[in-house]
Amino acid sequence: ENPEIASPVRTRAIMETYGLNFKKSLGQNFLTDINILHKIVTAGNVSENDDVIEVGPGIGALTEQLAKSAHRVLALEVDERLIPVLAETLNPYDNVTVILQDILKADLKELIKDNFDGKHPIKVVANLPYYITSPIILHLLDTKIDFSAIVVMMQKEVADRLSAQPGTKDYGALTTRIQYQMECKTAFIVPRTVFVPQPNVDSAIIVLTPLKERHLKPYSEEQLFDLVKGCFAHRRKSLWNNLQGIYGKEPEIKDKMQQVLAALQISPQIRAERLSIDEFILLANKLSEAKI
Ligand code: SAM
C-alpha cells in the first residue's frame with residue numbers, strides 16, 4: 001500500500017511521475033507533514049457527520065485526511081494538470097469528488113445541491129492559495145451559506161488581521177468585515193518548513209464559526225461595509241478626515257456628521273481602528289438617519 005500522500009518524498013515522486021512543476025502563480029505550496037494535517041482535521045472537529053468543501057486540493061494531501069474523517073468531500077481545483085493526479089492519488093476513497101473549478105467563480109449553492117445530501121453540516125477546510133486568501137474568504141461569506149465552520153490556513157500576517165481586536169495595528173477593514181459575521185480564532189501556527197516548496201512566511205490555521213445573533217443590526221450591510229472601508233482608507237489619518245473623504249467637505253454635510261459623532265460620543269479626532277464593530281454599525285445607521 002502507498003504511504004500517505006503528505007510526505008516530502010512522495011510529493012516529489014508524484015510531481016516527477018507527472019512531469020509537473022509547482023506553479024507559484026497559483027500559490028502552490030503543498031503540505032508534507034502528516035502531523036500538521038491531522039491537527040487541521042482536529043481543529044475543524046471534522047467527523048463522519050460533516051460534509052466538507054476543500055479549496056485547492058493540490059495533489060490531495062489534505063483531501064486524503066478529510067476523506068478518512070468526513071462523510072463526503074468536494075474539492076475544487078483550478079489547475080487542470082492536477083486533475084489526473086488527484087484521480088490516482090484519491091482513487092482509494094469513494095467519498096471524494098474533485099471538480100475543475102475556480103473557487104472565485106464557483107456557484108457553491110448549486111455545487112452543494114448537486115454533491116451533498118443536505119442532511120449534514122457543511123464545513124470548508126483548506127490550505128488556501130495565499131495570493132487570494134481574502135477574496136476567497138469574502139466569497140465564502142458572500143454566499144450566505146450556513147457553514148458550520150471555515151477552517152483555513154493562510155499567511156500568519158493575514159491571520160493576525162482576521163483575529164485582531166480594536167485598537168491594535170492589525171485591526172482594519174478586513175477584520176471588521178469578517179468578524180461582523182464570524183467568530184475568529186487562531187488554532188495554531190505552522191512553520192514554513194513543512195511545505196514543498198517552502199514559502200517565505202509562516203502560516204496559521206484560523207477557525208471561523210458563525211456568530212450567534214448580533215444585537216445591533218445595520219440598516220444596510222452594503223452601506224456599513226462601504227463606511228468601514230472608507231474609514232480605513234487612510235489608516236494614519238483621523239476618523240474625521242476619512243469621513244470627509246467618503247461624504248465630502250460641504251458645510252452642511254460636515255455639520256450633520258459632527259452632530260452624528262457628538263450624539264454617539266465618538267471623538268472625530270480618533271482613528272478608525274479605535275471603533276468596535278458595534279460602533280461602526282451605530283455610526284452607519286445614524287449617518288443614514290441623517291440622510292448623509
Ligand atoms: N491542499 C494542498 C495542500 O495542502 O498541500 C494544496 C494547497 S496549495 C497552498 C493551494 C492550491 O489551491 C493549489 O493546488 C492551487 O492550484 C489551488 N488554487 C489556486 N487558485 C485557485 C482557485 N482560484 N480556485 C481553486 N483552487 C485554486
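## A guided tour, starting at Asn45

Begin by selecting Asn45, which counts as partly exposed because 15 C-beta neighbours lie inside 10 Å, a number that falls between the 20 or more needed for buried and the 12 or fewer that would make a residue exposed. What you have open is a predicted model, so please read every value in this tour as computed from that model. Asn45 sits in the loop between α2 (34–43) and β2, and its phi is near 50 degrees, a positive value in a residue other than glycine.

From Asn45, follow the loop into strand β2, and select residues 51–55 together with strand β5, residues 122–127. These two strands run parallel and are joined by 3 bridges; if you pick Asp51, its bridge partner in β5 is Ile122.

Now widen the selection to the whole sheet, in which 7 strands are arranged in the order β4-β3-β2-β5-β6-β9-β7, forming an open sheet with mixed pairing. At its edges you will find β4 (96–100) and β7 (182–190), each of which pairs on one side only. Direction ignored, neighbouring strands of this sheet are turned by 20 degrees against each other on average.

Next, select the ligand and the residues around it. The shell contains 21 residues, and the closest are Phe30, Gly56, Gly58, Asn127 and Pro129. Elements that contribute two or more residues to this shell are β1 (30–31), α3 (61–69) and β3 (72–77). If you colour the shell by class, you should see 12 nonpolar, 6 polar and 3 charged residues.

The UniProt record, in an unreviewed entry, carries the annotation "binding site" for Asn29, Leu31, Gly56, Glu77, Asp102 and Asn127. Two of these positions, Leu31 and Glu77, are the next stops.

Is Leu31, which you can select now, buried or exposed? Leu31 lies in strand β1 and is buried, because 23 other C-beta atoms lie within 10 Å. Leaving aside its neighbours within four places in sequence, Leu31 is in contact with Ala6, Ile36, Leu37, Ala61, Leu62, Asn127, Val194 and Phe195.

Glu77, for its part, is found in strand β3, and it counts as buried because it has 25 C-beta neighbours inside 10 Å. Which residues would you show around Glu77, leaving aside its neighbours within four places in sequence? The contacts are Gly56, Pro57, Leu82, Ile83, Leu86, Val98 and Leu100, and of these Gly56 is also listed in the "binding site" annotation.

Move on to the pair Val196 and Pro197, which are joined by a cis peptide bond with omega at about -15 degrees. Pro197 lies in the loop between β8 (195–196) and β9 (203–210), and β9 is one of the strands of the open sheet, placed between β6 and β7 in its order.

For a broader view, highlight residues 36–212, where UniProt, again in an unreviewed entry, places the feature "domain: Ribosomal RNA adenine methylase transferase N-terminal". The end C-alpha atoms of this span lie 30 Å apart, and the span is 32% helix and 27% strand.

The last stop is Gln265, in the loop between α11 (251–263) and α12 (277–289). Like Asn45, which has a positive phi without being a glycine, Gln265 is not a glycine and has a positive phi, here of about 55 degrees. Gln265 is exposed, because 7 other C-beta atoms lie within 10 Å, whereas Asn45, where the tour began, counts as partly exposed.

Key
Residues are numbered from 1 along each chain as its sequence is written. This is a predicted model: local features need pLDDT of at least 70, side-chain atom pairs count only at pLDDT 80 or more; totals for chains, interfaces and linings use all residues. A residue is near a molecule or strand if its C-beta atom, placed from the backbone, lies within 6 Å of it. Helices (H or I, at least four residues) and strands (E, at least two) are DSSP runs, numbered from the N terminus. Ala, Val, Leu, Ile, Met, Phe, Trp, Tyr, Cys and Pro count as nonpolar, Asp, Glu, Lys and Arg as charged, and the others, Gly among them, as polar. Two strands pair if DSSP finds at least two bridges between them. Axes are lines fitted to C-alpha atoms, for helices over the stretch in contact, and angles run from 0 to 180 degrees between N-to-C directions. UniProt positions are given in the numbering used here, feature names are shortened, and annotations may be inferred rather than shown by experiment. Two residues are in contact if their C-beta atoms, placed from the backbone, lie within 7 Å.
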